[in-house]
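The following exercises concern a structure to be examined residue by residue. Each task is followed by a worked solution.

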Amino acid sequence: MKDPFRMYSRTLTVLLSMVCLQGLAADCYVSPEGSDTNKGSIDEPFQTLERARQVVRKVLPRAREDINVWIRGGTYYLTDSLEFGPADSGSSKVQITYSAYPDETVIISGAVLLSPDWSTYEGDILVADVGRGLKFDVLFANGDQQIMARYPNFDPNVNILSGYAPDAASKERAARWSNPSTGFVRALHGAEWGGNSYRIKGIRSNGDPDLDWAGDNNRGKGMHKKYRMVENLFEELDAPGEWFYDEAAGKLYFFPPAGMDASSATFEGATLEELIRIVGTAKEKVKDLTFKNLTFTGTHRTLFTREYEGLQRSDWRVARTGAIFIQDAENITISDSNFDHVGGNAIFLSAYNRNHLITNNEFISNGATCVNVVGSTKALRHINSMDDYITEDEDIDGKEGPLTEDYPKDITISYNHMQDNGRFEKQSAGVNISMAESITVSHNTIHGAPRAGLNVCDGTWGGHIFEFNDLFDCVNETHDHGPFNSWGRDRFYGLGGYKHSGEYGKRKRPFALLEAYKTTIIRNNRVHYDKPTSFGIDLDDGSSNYEIYNNLLLNTEIKLREGFDRKVYNNIQINKQNEFHVWYDQSRDIYINNIVVNKTAYNSKYMHSRKARSAEATIDENLFYNGGDEVKLSDDNWESSGYDANSVIADPMFVNPAEMDYRVKPGSPALKLGFKNFPMDQFGKPGAPQPSPITIGSGGSADTAAEPLMGGMIAIITDMATQSVLGAPDLNGVFFESLPADSYAAKQGFRKQDLIRTMNGTDVTTKESFWALYKSIKPGSTVVCTIVRNQHEESFSFVKPAH
């Protein structure tokens, strides 16, 4: 006998499918007030997105027109990630769109709605029982993110960590905590190269907190001595807006902000890690889906819930997850949507992805990176990591490009506004790219970033276009970086070990473009910066095969560290000198037809190879200006090397710099050199915030005189360029600026650019402190130092000369 209930269910499913299929002209509808037993029409909408996806999946085999799932206004609290697989795919003939209904606001949230019945705990602190075992680390009240109990207290006027204290993780502070195992430490990396985060496991026998590193930085787990804070500790709950959830007891403690009536407020705790997962398989991809006009929020932080993965030899480690996670997919569009206070990454494109469009979105105050574009290590010809990299030529197979298809390609990220990302993770960016090819990043406005606005982790595999972006107020919590930053520590980079002097370029040259086999273009961007702790367009370690033109750099500069085949032309640079660091022999870089307004043109003292011209570089036909005053090009050997033989010092005749119009007028001497005007009104996303105009000033900094020591010359760190080259965590110490091979210091084992940080256990901070220590040491005695050599700290001993 047939089961009548089963027959009814099957009939109902068929009828629902027929309703949606017949109603493709009328589309399908979802509403928080609907029911999943409804027809899915505008009058009888479904209640859940899961049900709409299920019905669309059933009608797809017979669909011949585009399918629109209209989502009515309201908040949709997901209990699990909404997953889309190959069976949910559209096609070139049938596009599937999930969109908010016109003029209505749709919020897709990974939070759980809390129902606290508040009572007074102590003073202004309230307490309520909200249930045990909830997994949330972000709390919202009336839609506003509140502050996890912390020390020091949150200060919106402090850029770094919104407040920091050197004693945050001290044993004296830890003595206050009744249950330290709930707590976290967030800090900057010891050299301010991003952040490092830790879970507090308990207290050690000496009273210090016992820390478990989250693994969120590829340059090691060192914690900055000054820039650190602690949070999620009950005893630190002492300021308006702070909260603490006792998971074991199920109690939520809250110090309401001024003016808030907590009894009538809506409270939500972020519990999900991902909202939407679009994941196909190696054989069958998810295709042709659009998500439009939606707001995504309520995902938790990923700092302590996921294992972090190092991205080759870059400084980055990432959690491969996001509010929207996409893998093995093609032709996915995410547009006109808001990513509002998500706890981790907003969008993560992982491994195989092709032909996606991410456009016209708002990313506001997200916990990590707005858009991560990261391939799989399966596509690498060699697993190139901090612990495993090639040092011998014969270990390179000589083949260029990717090994497999497991990487993103032909992705467009355009017309987005990205503000205040990296609230929790400081190694983050507006857009981050690693192991990808031909990514176009265009017309985005990115500001308020703790590190780079745009970041490229490696040379694999180039072909990217960065154009018409507006970058400002970036690198505002960290150091030694740029609003645009790249690395290229690819297969060639480790040949001979970590050696960046010019002569090693000849050995590396044949392998330089195996990863970066397509040229990456940086053009028509505006980069604005007001602090002395970053480089504007920072082509760092090994970055190769770049073409950089038509960029406007305000209070910032272009940096070319060791690498190959960088062509830089037709850029305008105001108030900063160029930074040319440790160039390789045969770099074959080109720097022509640029305008530089500054009292010095170049910092080139770390190029190494310029005197012999072994870099084989072309540097000429540039215009320099300093308000009518003298311009120093570089050091005394610059002109004799043949560089800038046809360059001129003259007024560029800008149209209206007070309004940030740096086009040059007819008759400008720059035009005679080959400079061409480029648009000044197409940067960033239309309608997004813009940087303020700058004042053209003298800029630059003069070199500080070096002093003799043991046959060499020592100097102090006076600028970020020197700090970057030396790999110093701060400006403390003295270093050998020059060191003849026959000098006493060289015979003792010192090398040029060795930075002396301590002597006999005492810190060396200034040149004066060094001399005071040095003079106090008895001649002929052994001196034990801490030095930084090749960007790594090590112990070193020498014998002070008898005379």
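**Exercise 1.** Determine whether Thr556 is buried or exposed in this predicted model, and describe its surroundings.

*Solution.* Step 1: the relative accessible area of Thr556 is 0%. Since buried means under 20%, Thr556 is therefore classed as buried.
Step 2: Thr556 belongs to the loop that links strand S45 (552–554) and strand S46 (558–560).
Step 3: beyond residues up to four places away in sequence, Thr556 touches Val527, Tyr529, Ser534, Phe535, Gly536, Gln573, Ile574 and Lys576.
Step 4: for Gly536, the backbone nitrogen is 2.7 Å from a polar atom of the Thr556 side chain.
Step 5: Ile537 is 19 residues from Thr556 in sequence, with a C-alpha to C-alpha separation of 8.2 Å.

**Exercise 2.** Classify Ser365 as buried or exposed, and list its contacts.

*Solution.* Step 1: Ser365 has a relative accessible area of 14% and is thus buried, the cut-off being under 20%.
Step 2: the residue sits in the loop between strand S30 (362–364) and strand S31 (371–374).
Step 3: with neighbours within four places in sequence set aside, Ser365 contacts His341, Val342, Gln419, Asp420 and Arg423.

**Exercise 3.** Which side chains of strand S21 (residues 276–279) are buried, and which strands pair with S21?

*Solution.* Step 1: in a regular strand, side chains alternate between the two faces of the sheet.
Step 2: in S21, Ile276 and Ile278 point to one face and are buried, whereas Arg277 and Val279 point to the other and are not.
Step 3: strand S4 (residues 82–84) pairs with S21 in the parallel sense over 3 bridges, and Arg277 is the bridge partner of Glu83.
Step 4: strand S26 (residues 324–335) pairs with S21 in the parallel sense over 4 bridges; here Gln327 is the bridge partner of Val279.

Notes
Residues numbered from 1 in each chain as written. Predicted model: local features only at pLDDT ≥ 70, side-chain atom pairs only at ≥ 80, totals over all residues. Heavy atoms only, no water. Helix = DSSP H or I, 4+ residues; strand = E, 2+ residues; numbered from the N terminus. Buried < 20%, exposed > 50% of the residue type's maximum accessible area, 1.4 Å probe, protein only. Contact = heavy atoms within 4.5 Å. Polar contact = N/O pair within 3.5 Å; in protein donor to acceptor, adjacent residues only side chain to side chain. Pairing = 2+ DSSP bridges.
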